[in-house]
Amino acid sequence: MTAHGSGDLIAVDLGNSRLKAARFDSNIVAADRLPEPSDTLALPLDAPSPFDPLERWVTDAAHGRCRWVAASVHDAALSNLTGWLGERGVRDEIGRAHV
């Protein structure tokens with residue numbers, strides 16, 4: 001895995017009912033195998049504040065220490081996540097894809 005930019009990578013998959021997220025450490029790189037996450041979350045999207053458990057990763061992203069990449073089949077959930085992150089100072093580090 002080659003890092004594109006500095007810091008860790010946070011990958012988010014937003015489905016129709018669940019959010020799955022993983023944090024990958026930038027200092028753990030192995031050419032002979034797929035990267036393994038250092039931390040993961042699985043959350044229901046219908047919770048009152050579904051993104052709040054991601055708060056522990058937001059501080060690092062707001063200070064440029066990690067990047068976010070989000071993919072979704074659910075446009076509204078993807079927009080809600082990027083808005084939630086933007087309210088917390090995470091803007092330029094977000095990559096978005098609708099699949």
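**Exercise 1. Give the order of the secondary-structure elements in the protein chain, and count helices and strands.**

Solution. From the N terminus on, the order reads β-β-β-α-β-α-β. The chain therefore has 2 helices and 5 strands, with runs assigned by DSSP. The model is a predicted one. Of its 99 residues, 33% count as buried. The accessible surface is about 5700 Å², and carbon and sulfur atoms account for 51% of that surface. For contacts between residues at least 6 apart in sequence, 58% join residues at least 24 apart.

**Exercise 2. Check whether the end-to-end distance of α2 agrees or disagrees with its number of residues.**

Solution. Step one: α2 covers 75-87 and has 13 residues. Step two: the expected span is 1.5 Å times one less than the number of residues, which gives 18 Å for α2. Step three: the end C-alpha atoms of α2 are 18 Å apart, so the two values agree.

**Exercise 3. State which residues of α2 are buried, and what α2 gives to the largest nonpolar core.**

Solution. The buried residues of α2 are Ala77, Leu78, Leu81, Thr82, Trp84, Leu85 and Gly86. In an α-helix there are 3.6 residues a turn, so residues three or four places apart point the same way. The largest nonpolar core has 21 residues, and those touching the most other members are Val12, Leu14, Leu19, Phe51, Leu54, Trp68 and Leu81. Two or more residues come from each of β1 (8-14), β2 (18-24), β3 (39-44), α1 (55-62), β4 (66-72) and α2. The most, 5 residues, come from α2.

Leucine 19 shows what one such core member touches. Beyond its neighbours within four places in sequence, leucine 19 contacts Val12, Asp13, Leu14, Leu41, Ala42, Leu43, Leu45, Phe51 and Leu54.

**Exercise 4. Classify threonine 82 and arginine 91 as buried or exposed, and place each in the chain.**

Solution. Threonine 82 first: it lies in helix α2. Its relative accessibility is 15%, and buried means under 20%, so threonine 82 is buried. The side chain of threonine 82 reaches the backbone oxygen of serine 79 at 3.1 Å.

After α2 comes glycine 89, with a positive phi near 90°. Arginine 91 sits in the loop between α2 and β5 (94-98). The relative accessible area of arginine 91 is 56%; exposed means over 50%, so arginine 91 is exposed. Arginine 67 is 24 residues from arginine 91 in sequence, while their C-alpha atoms are 9.7 Å apart in space.

Definitions and conventions: Residues are numbered from 1 along each chain as its sequence is written. This is a predicted model: local features need pLDDT of at least 70, side-chain atom pairs count only at pLDDT 80 or more; totals for chains, interfaces and linings use all residues. Side-chain values use heavy atoms; hydrogens and water are left out. Helices (H or I, at least four residues) and strands (E, at least two) are DSSP runs, numbered from the N terminus. Buried means under 20% relative accessible area, exposed over 50%, partly exposed in between (1.4 Å probe, protein chains only). A nonpolar core is a set of buried Ala, Val, Leu, Ile, Met, Phe, Trp, Tyr and Cys residues joined through side-chain atoms within 4.5 Å. Contact means heavy atoms within 4.5 Å. A polar contact is a pair of N or O atoms within 3.5 Å; within protein, one must be able to donate a hydrogen and the other to accept it, and residues adjacent in sequence count only if both atoms are side-chain atoms. Accessible areas come from the Shrake-Rupley method with a 1.4 Å probe; for residues, only the protein chains shown count as cover.
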